Amino acid sequence: MPDAAQLRDSTQIVLHRETVEGLEPPLDEAFTVSIVSEGEDQRRIIGSPVEIKAASESLARRGICIR
């Protein structure tokens with residue numbers, strides 16, 4: 001049976017609010033993901049493993065470290 005933490009890591013990204021708000025085009029327009037507030041300072045990006053991987057690669061190409 002898969003580890004819950006591993007599944008969670010493959011379906012979400014947590015970033016600072018400023019990072020998410022400064023992206024053009026916004027991630028939720030470029031990929032099939034949802035962005036929800038996680039407190040005042042963080043945003044949680046949630047999607048399928050395929051979409052999260054694509055979004056992660058896009059963020060990495062922009063120089064944004066997510067790990």
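**Sheet, helix and core in the predicted model**

In this predicted model, E38 stands opposite Q42 in β3. This residue pair belongs to the pairing of β2 with β3, which is antiparallel and extends over 6 bridges. The two strands β2 and β3 form a hairpin with 3 residues between them, and G39, located in the turn, adopts a positive phi of about 80°.

The other pairing of β3 (residues 42-47) is with β1, again in the antiparallel sense, over 5 bridges. Within this pairing, Q12 is placed opposite I46 of β3, and V14 is placed opposite R44 of β3. Taken together, 3 strands form an open sheet in the order β1-β3-β2, with antiparallel pairing. The edges of the sheet are occupied by β1 and β2 (33-38); each has a single partner strand, so one side of each is left without a neighbour in the sheet. On average, neighbouring strands are turned by 25° against each other, direction ignored.

Helix α4 packs on this sheet and touches β1, β2 and β3. The direction of α4 makes about 35° with that of β1. The length of the helix was examined against the expected rise: at 1.5 Å a residue, the 13 residues of α4 should span 18 Å, and the end C-alpha atoms are 18 Å apart, which agrees. The buried residues of α4 are I52, A55, S56, S58 and L59. Because these residues cover an arc of only 160° around the axis, they lie on the same side of α4. On the other side of the helix, V50, K53, A60 and R61 are exposed. Just after α4, a positive phi of about 85° is found at G63.

In soluble globular proteins, nonpolar side chains tend to be buried together. The largest nonpolar core of the model comprises 12 residues, namely I13, L15, V20, L23, L27, F31, V33, I45, I52, A55, L59 and I64. The elements contributing two or more residues to this core are β1 (12-16) and α4 (49-61). Of these, α4 provides the largest share, with 3 residues.

One member of the core, F31, is situated in the loop between α3 (27-30) and β2. The relative accessibility of F31 is 18%; since residues under 20% are classed as buried, F31 counts as buried. When neighbours within four places in sequence are left aside, F31 is in contact with E51, A54, A55 and S58. Among these contacts, A55 is also listed in the largest nonpolar core, and both A55 and S58 are among the buried residues of α4. In the case of S58, the separation from F31 is 27 residues in sequence, whereas the C-alpha to C-alpha distance between F31 and S58 is 9.9 Å.

Methods: Residues numbered from 1 in each chain as written. Predicted model: local features only at pLDDT ≥ 70, side-chain atom pairs only at ≥ 80, totals over all residues. Heavy atoms only, no water. Core = buried A, V, L, I, M, F, W, Y, C linked by side-chain atoms within 4.5 Å. Buried < 20%, exposed > 50% of the residue type's maximum accessible area, 1.4 Å probe, protein only. Helix = DSSP H or I, 4+ residues; strand = E, 2+ residues; numbered from the N terminus. Pairing = 2+ DSSP bridges. Axes fitted to C-alpha atoms, helices over the stretch in contact; angles between N-to-C directions. Contact = heavy atoms within 4.5 Å. Expected span 1.5 Å × (residues − 1). Arc of directions from axis to C-beta.
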